[in-house]
Amino acid sequence: HTDGIQQVTRLVQQIRPIPIIANGGIETFPDVQRVQQETGASAIMSSEGLLETPQVFLRDTSLLTARQRLEEQFQVTRDYLRWAAVYPPVPGVLGSDGGSFMVVKSHLFKFLHRYWTEQPELRNE
């Protein structure tokens, strides 16, 4: 899959040097590094993975303990809530029935979902 992307990226760059942004399947820092190396893309993009691991472009978090990951995700969640209070989503996003609240709620769910799924023993701590 990445061989074809790499070939297309090189071909496009030869014809017209434009930024190429790779997207899809970016969930960890090693994913970022691998896709960058394999495709030669100018930039890497993430959406779902970035919500689950906002620091995905900063460092590899796989070496953290479960407790460290929990604390880090809680800090991300607290920071997000502070920002959401200062800069709330646009009213009416996702419909009129609590749309703005639903945006914040869905982001919070993404921040913590994978962690709770992978470390169920800490749900009760």
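Okay, let's start in helix 4, where E71 and R67 sit four residues apart, about one turn of the helix. Those two form a salt bridge, with the closest N and O atoms 3.5 Å apart. Before I go on, a quick reminder that what you see above is a predicted model.

How exposed are the two partners? E71 is partly exposed, with a relative accessible area of 38%, and R67 is partly exposed too, at 34%.

So how many salt bridges are there? The count comes to six, and I'll walk you through some of them. Over in helix 2, which covers residues 29-39, we have D31 and R34, three residues apart, again about one turn of the helix. Their closest N and O atoms are 3.6 Å apart, and they form a salt bridge. Here the surroundings of the partners are worth a look. D31 has a relative accessible area of 16%, so D31 is buried, the cut-off being under 20%. R34, on the other hand, is partly exposed, with 34%. And there's a third member here: D31, R34 and E38 are joined into one network by salt bridges that share partners.

Now for a bridge that reaches across the chain. K110 pairs with E48, and the closest N and O atoms are 3.1 Å apart. Which parts does that pair tie together? K110 is in helix 5 and E48 is in helix 3, residues 48-52, so the salt bridge ties together parts that are 62 residues apart in sequence. Both ends are partly exposed: K110 has a relative accessible area of 27%, and E48 comes in at 42%.

Okay, on to the rings. The count of aromatic pairs comes to two. One of them is Y80 with F111, an edge-to-face pair, 5.1 Å centre to centre and with 80° between the planes. Where do those rings sit? Y80 is in helix 4, residues 66-86, and F111 is in helix 5, residues 99-118, so to speak a link between distant parts of the chain, 31 residues apart. Y80 is buried at 19% relative accessible area, and F111 is buried at 5%.

The other pair is W83 with Y87. Stacked or edge-to-face? The ring centres are 5.7 Å apart and the planes are at 15°, so this pair is stacked. And buried or exposed? Both W83 and Y87 are exposed.

Last stop, the inside. In soluble globular proteins, nonpolar side chains tend to be buried together. In this model, the largest nonpolar core has eight residues in all: I20, A22, I26, V32, V35, A41, I44 and V56. Let's pick out V56 for a moment. Which residues does V56 touch, leaving aside residues up to four places away in sequence? The answer is E27, T28, F29, V32 and L50. V32 is on that list, and V32 is also in the core with V56.

There's a second, separate core as well, with six residues, including V76, A84, V104 and F111. You've met F111 already: that's the ring that pairs edge-to-face with Y80.

If you want a route through the model yourself, try this one. Begin at E71 and R67 in helix 4, stay in helix 4 for Y80, then cross to F111 in helix 5. From K110, also in helix 5, you can follow the salt bridge over to E48 in helix 3. That's the tour, thanks everyone.

Definitions and conventions
Residues are numbered from 1 along each chain as its sequence is written. This is a predicted model: local features need pLDDT of at least 70, side-chain atom pairs count only at pLDDT 80 or more; totals for chains, interfaces and linings use all residues. Side-chain values use heavy atoms; hydrogens and water are left out. Rings of Phe, Tyr and Trp (its six-membered ring) pair if their centres lie within 6.5 Å; planes under 30 degrees apart count as stacked, over 60 as edge-to-face and the rest as tilted. Helices (H or I, at least four residues) and strands (E, at least two) are DSSP runs, numbered from the N terminus. Buried means under 20% relative accessible area, exposed over 50%, partly exposed in between (1.4 Å probe, protein chains only). A nonpolar core is a set of buried Ala, Val, Leu, Ile, Met, Phe, Trp, Tyr and Cys residues joined through side-chain atoms within 4.5 Å. Contact means heavy atoms within 4.5 Å. A salt bridge is a side-chain nitrogen of Lys or Arg within 4 Å of a carboxyl oxygen of Asp or Glu.
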